[in-house]
Amino acid sequence: MQSLWQDTVKVPRFPQQEKDLKTDVLIVGGGLTGLLCAYFLKSAGVDCLLSESDTICAHTSGHTTAKITVQHGCCYQKILADYGKTGAQQYLNANRSALAAYRQICTGIDCDFEEKDAVIYAYHEEEQQTLKAEENAYKLLGMPVQKSACEALPFQTLDALVLPRQAQFHPLKFAAAIAKDLPILEHTRVKKFDKTTAFTEHGRIFAKKVIIASHFPFINTHGLYFMKQYQYRSYVLALENAQDVGAMYISAFSDGLSLRNWGDILLLGGRGHKTGKKSGGFAELWAFASSHYPGCRIRESWATQDCMTPDDIPYIGEYARSLPNFYVATGFNKWGMTSAMAAAQILTDKIIGRESPNAAVFSPIGRKFKAQILVNAFTSVGNLLCPLPHRCSHLGCALRYNKAEHSWDCPCHGSRFSKKGKILDGPANRPL
């Protein structure tokens with residue numbers, strides 16, 4: 001399914017690999033994270049090369065709702081509980097730095113960058129309690145606390161927390177602008193590594209350091225990322241004849257609704273679920289839209305996929321103790337815009353030997369053990385033993401057929417395949 005962004009801009013195309021190549025830093029993955037890593041490394045004078053298995057921003061980065069905000073749902077209360085004020089401040093500062101970097105870069109780019117308020121709303125009493133705890137976290141971290149009656153929303157809310165001067169943009173206009181002069185290979189899938197030498201479908205790439213920015217890491221023998229996160233699928237309708245809601249809205253609960261505008265088009269998102277599970281998806285969104293915006297029309301509809309971590313903090317830093325000279329950026333928990341920028345800033349600092357004051361809380365090494373890891377392990381074992389015929393090429397889990405999108409989806413680690421077996425989403429690195 002093509003998103004509104006993909007339908008309204010032409011992203012530049014790049015060649016595929018034709019011979020063995022050398023580079024100081026190989027970046028695997030051509031989403032926004034990989035592009036920003038290449039952008040900052042090249043600006044710092046570092047020899048780098050980006051390898052993308054498809055075309056740049058063809059997947060998650062091209063199917064985002066493109067909110068640039070440090071307000072990541074109700075995350076700060078959880079981060080304070082797990083990592084204290086120091087960890088929560090590092091997380092906040094990294095995302096503030098990311099927002100500032102977008103402001104600066106977008107000054108010279110026509111990418112529909114607009115400052116907007118970000119709003120978390122509570123619809124139920126339980127959400128209201130969660131929102132109150134988040135408000136207390138804001139106060140502790142020195143974040144501005146503002147309230148809203150959410151009068152622009154077509155339903156009644158109990159409470160809402162506003163963060164002013166956040167932003168939104170057209171992600172592919174931005175990506176097209178920063179990518180045009182970068183060293184990029186498309187249709188060049190990295191299949192495996194021997195130390196820091198990558199083996200692709202077309203040859204080898206010799207590197208000194210490697211950044212894995214492929215959404216879900218595919219190196220299974222180190223880091224255990226297939227145990228430490230899962231994938232979550234959610235849905236978006238781009239609606240004409242709906243409403244300008246004025247700000248960027250998100251529910252206090254993860255299965256609620258997201259709303260923002262691009263011009264006179266309303267992006268209505270939500271109704272997510274773990275990949276491989278059943279959901280009402282588009283039908284539920286359309287039921288809401290047709291009820292609250294009679295006469296609206298769907299211009300585009302699409303689904304997106306996000307990597308979710310147990311503690312709401314991305315994995316950004318060294319890939320694993322056992323894998324030197326490898327770095328990773330994954331687990332953005334549905335907040336890929338600021339997380340991509342923060343990851344690029346942190347990893348660039350690490351590679352060029354510059355101090356990165358906010359890096360510690362994101363480090364994948366030494367993170368706290370969470371019960372979700374046991375849940376992931378139980379899910380994987382259950383699906384490995386399930387006697388269904390279609391098996392994922394990643395680690396062999398039984399696949400489920402997704403009727404809404406006509407795909408085979410893996411409930412263990414989120415890989416997705418077309419009916420003919422083509423890879424739609426990783427971490428699978430081989431077709432069915």
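The paragraphs below go through a predicted model, taking its helices, strands and a few single residues in turn.

Helix α2 covers residues 32–43. At 1.5 Å a residue, its 12 residues should span 16 Å, and the end C-alpha atoms are indeed 16 Å apart, so the expected and the found length agree. Of these 12 residues, 9 are buried, which means that α2 is largely enclosed by the rest of the structure. The buried residues are Leu 32, Thr 33, Gly 34, Leu 35, Leu 36, Cys 37, Ala 38, Phe 40 and Leu 41. Just after the helix, Gly 45 has a positive phi of about 85°.

One element that packs on α2 is helix α5, residues 171–179. The axes of the two helices lie 10 Å apart and make an angle of about 35°. The crossing of α2 past α5 is left-handed. From α2, the contact takes in Leu 32, Leu 35, Leu 36 and Tyr 39, while α5 supplies Phe 174, Ala 175, Ile 178 and Ala 179. Sorted by type, the residues of this contact are 8 nonpolar, with no polar and no charged residue. Leu 32, Leu 35 and Leu 36 belong to this contact, and these three are also listed among the buried residues of α2.

Two alanines elsewhere in the chain are both buried, with different values. Ala 88 sits in helix α3, which runs over residues 76–106. Its relative accessible area is 0%, so Ala 88 counts as buried. Setting aside residues up to four places away in sequence, Ala 88 touches Tyr 76, Ile 79, Leu 80 and Leu 141. Arg 430 stands 342 residues from Ala 88 in sequence, and the C-alpha atoms of the two are 38 Å apart in space.

Ala 58 belongs to the loop between β2 (48–51) and β3 (67–68). Its relative accessible area is 19%. The cut-off for buried is under 20%, so with 19% Ala 58 is classed as buried. Beyond its neighbours within four places in sequence, Ala 58 is in contact with Gln 6 and His 63. Gly 30 is 28 residues away from Ala 58 along the chain, with 8.4 Å between their C-alpha atoms.

The next part concerns a run of paired strands. Strand β12, residues 248–251, is covered on both faces. In a regular strand, side chains alternate between the two faces of the sheet. In β12, Met 248 and Ile 250 are on one side, Tyr 249 and Ser 251 are on the other, and all of them are buried. Strand β4 (residues 114–122) pairs with β12 in the parallel sense, over 4 bridges. Within this pairing, Val 119 has Tyr 249 of β12 as its bridge partner.

Strand β12 also pairs with strand β13 (residues 257–262), here in the antiparallel sense and over 2 bridges. Tyr 249 appears again in this pairing, opposite Leu 259 of β13. The connection from β12 to β13 is a hairpin of 5 residues.

From β13, the pairing continues to β14, with 6 bridges between the two antiparallel strands. Asn 261 has Leu 266 of β14 as its bridge partner. The hairpin of β13 and β14 has 2 residues between the strands, and in it Gly 263 takes a positive phi near 65°. Strand β14 covers residues 265–274, and 9 of its 10 residues are buried, so β14 is largely enclosed by the rest of the structure. Strand β11 (residues 230–240) is another partner of β14, antiparallel over 7 bridges. In that pairing, Ala 238 is opposite Leu 267 of β14.

Further along the chain, 4 strands make an open, antiparallel sheet in the order β18-β19-β20-β21. The edges are held by β18 (400–402) and β21 (423–425); each has a single partner strand, so one side of each lacks a neighbour in the sheet. Ignoring direction, neighbouring strands of this sheet are turned by 35° against each other on average. Strands β19 (residues 407–409) and β20 (residues 416–418) run antiparallel and are joined by 3 bridges. Trp 408 stands opposite Phe 417 of β20.

Notes
Residues are numbered from 1 along each chain as its sequence is written. This is a predicted model: local features need pLDDT of at least 70, side-chain atom pairs count only at pLDDT 80 or more; totals for chains, interfaces and linings use all residues. Side-chain values use heavy atoms; hydrogens and water are left out. Buried means under 20% relative accessible area, exposed over 50%, partly exposed in between (1.4 Å probe, protein chains only). Two strands pair if DSSP finds at least two bridges between them. Contact means heavy atoms within 4.5 Å. Axes are lines fitted to C-alpha atoms, for helices over the stretch in contact, and angles run from 0 to 180 degrees between N-to-C directions. A crossing is left-handed if the near helix is turned anticlockwise from the far one by less than a right angle, and right-handed if clockwise. Ala, Val, Leu, Ile, Met, Phe, Trp, Tyr, Cys and Pro count as nonpolar, Asp, Glu, Lys and Arg as charged, and the others, Gly among them, as polar. The expected span of a helix is 1.5 Å times one less than its number of residues.
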